[in-house]
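The report that follows describes how two protein chains meet two DNA strands and how the protein chains meet each other. Please read it beside the sequence and the coordinates.

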2 protein chains.
Amino acid sequence: MAGSTERDHSTAAYAILGLLSVHGPHTIYDLKGLIEGSIGYFWTFPHSQMYAETKRLETAGLIRADAEAGGRGRRVLHVTDDGRRALEAWWRREDGGETEIRDLGLLKLFLADPADGAGVAELAARQAAAHAERLALYTDLADDATRAEPSMRAAYRTVDLGLSYERAAVAFWRSVEADFG
Amino acid sequence: MAGSTERDHSTAAYAILGLLSVHGPHTIYDLKGLIEGSIGYFWTFPHSQMYAETKRLETAGLIRADAEAGGRGRRVLHVTDDGRRALEAWWRREDGGETEIRDLGLLKLFLADPADGAGVAELAARQAAAHAERLALYTDLADDATRAEPSMRAAYRTVDLGLSYERAAVAFWRSVEADFG
DNA sequence: GAGTGGACAGTCCAGAATGGACTGTCTAGA
DNA sequence: TCTAGACAGTCCATTCTGGACTGTCCACTC
């Protein structure tokens, strides 16, 4: 494994490569903030993982880290040519795996006590409210997206699917609430 | 930690408790199959994790495992009263955390090379097809659901949200394909 | 200029998750 | 009786995870 550039990498690794490629050099900390305001709306990467993953990418030669001259001497990450190539290969690869929707409310609905109609109605009300909040957030994001750089066109399209899901979720939970309340 | 019944448990643990509670005693292997045909459509739990988790649940006194008399002497899991109580407490707890939609296609769309319109169109076509397949599968599941026990009413409602998401995803990817193709 | 609190930036760490390989037993079929 | 494949579970090395911790910087106050 060590030193091999043919080894596959985690999803977080490609997210890091992709963001550095499109947005240019960033420190890990800033990259983490960038992810929180974008990809993080649909796919999260834990703090420690970011640091571990960038170490692995550096070892594999897919990124290069330069220390800043002043202040804290933060490490600024640059994607290498090998990194760009690996990113592109991954990107063009046939996708495997299916969408996983990790929604705790949905899991709780599935595991509901069959005798507890009132509990289900209450769960549904809470979920409807939470999803309505998320919907409002995505609506704001969609407004921002209309002012985005044309080069970010594809990236901002992802907000549309988020909007659709949240609209569906609000409607779904309201209907569950109506049926069990 | 060891022996404490106040300790929080993982999501997988509650899934196991919930299924044993509603569906009655099962071996781990069968439970795993049950999950694959239900919860597994929106939330997966790896094989090894099932075994590790049931060990932890047993240690915590939330499940009891009896060996079958004949054949392989498989371990049949029963939920205990403590287990039912823990499940209910979790179920009634305010939900935290937000829905995570781990969709590799969506991530790739976000990370698309801004100059590669044709690549985006191709990705979109593949994704539209994959989601259409999933939609067909969920449509079949929804048909099954109409014949289900009334006691499974809430559980089968989860298929509705899956259907809505997949319909939205198909429409979304077709629209992306049209825009970038 | 000195002191200070909080933000920044990253590291540590123990337990859990993960995926694939492996092992032994059972069972149906030849 | 033998055998191949399914069943049922274990092993294991690596990575993930979340929270705690540490040291430095920097803006503000005195």
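By class, the surface near DNA strand C has four nonpolar, six polar and eight charged residues, where Ala, Val, Leu, Ile, Met, Phe, Trp, Tyr, Cys and Pro count as nonpolar, Asp, Glu, Lys and Arg as charged, and the others, Gly among them, as polar. This is a predicted model, in which local features need pLDDT of at least 70 and side-chain atom pairs count only at pLDDT 80 or more, whereas totals for chains, interfaces and linings use all residues. Residues are numbered from 1 along each chain as its sequence is written, chains are lettered from A and ligands numbered from 1 in the order in which they are written, and side-chain values use heavy atoms, with hydrogens and water left out.

A residue is near a strand if one of its heavy atoms lies within 4 Å of it. Around DNA strand C there are 18 residues, of which A:Arg72, B:Pro46, B:Ser48, B:Arg56 and B:Arg72 come nearest; of the atoms of this strand that come within 4 Å of the protein, 62% belong to sugar and phosphate. At least two residues of the surface near DNA strand C come from each of α2 (28-36) and α3 of chain A and α3 of chain B, helices (H or I, at least four residues) and strands (E, at least two) being DSSP runs numbered from the N terminus.

DNA strand D likewise has 18 residues around it, and A:Ser48, A:Gln49, A:Arg56, A:Arg72 and B:Arg72 come nearest, with sugar and phosphate giving 61% of the strand's atoms within 4 Å of the protein. Here α3 (47-59) of chain A, α2 (28-36) of chain B and α3 (47-59) of chain B each supply at least two residues, and the surface divides into four nonpolar, six polar and eight charged residues.

The table lists individual polar contacts to the DNA, a polar contact being a pair of N or O atoms within 3.5 Å; within protein, one must be able to donate a hydrogen and the other to accept it, and residues adjacent in sequence count only if both atoms are side-chain atoms.

| Side chain | DNA atom | Distance |
|---|---|---|
| A:Tyr51 | phosphate oxygen, DNA strand C | 3.4 Å |
| A:Arg72 | base oxygen, DNA strand C | 2.6 Å |
| B:Ser48 | base oxygen, DNA strand C | 2.5 Å |
| A:Arg56 | phosphate oxygen, DNA strand D | 2.4 Å |
| B:His47 | base oxygen, DNA strand D | 3.1 Å |
| B:Tyr51 | phosphate oxygen, DNA strand D | 3.5 Å |

Between the protein chains, the contact (heavy atoms within 4.5 Å) takes 59 residues from chain B and 59 residues from chain A. The size of an interface is often given as the accessible area lost when the parts come together. The area buried between chain B and chain A (accessible area, 1.4 Å probe, that the two parts lose on being put together, summed over both) is about 6500 Å², and carbon and sulfur atoms give 65% of this area.

There are four salt bridges between chain B and chain A, each a side-chain nitrogen of Lys or Arg within 4 Å of a carboxyl oxygen of Asp or Glu. One of them joins B:Arg157 to A:Asp179, whose closest N and O atoms are 2.5 Å apart. The chains also share 22 residue pairs in polar contact, both residues at pLDDT 80 or more. On the side of chain B that touches chain A, α7(B) gives the most, with 16 residues, and the residues of this side divide into 30 nonpolar, 13 polar and 16 charged.

Strand β4 (residues 100-102) of chain A runs antiparallel to β4(B), to which three bridges join it, and two strands pair if DSSP finds at least two bridges between them. In this pairing, A:Arg102 stands opposite B:Glu100 in β4(B).
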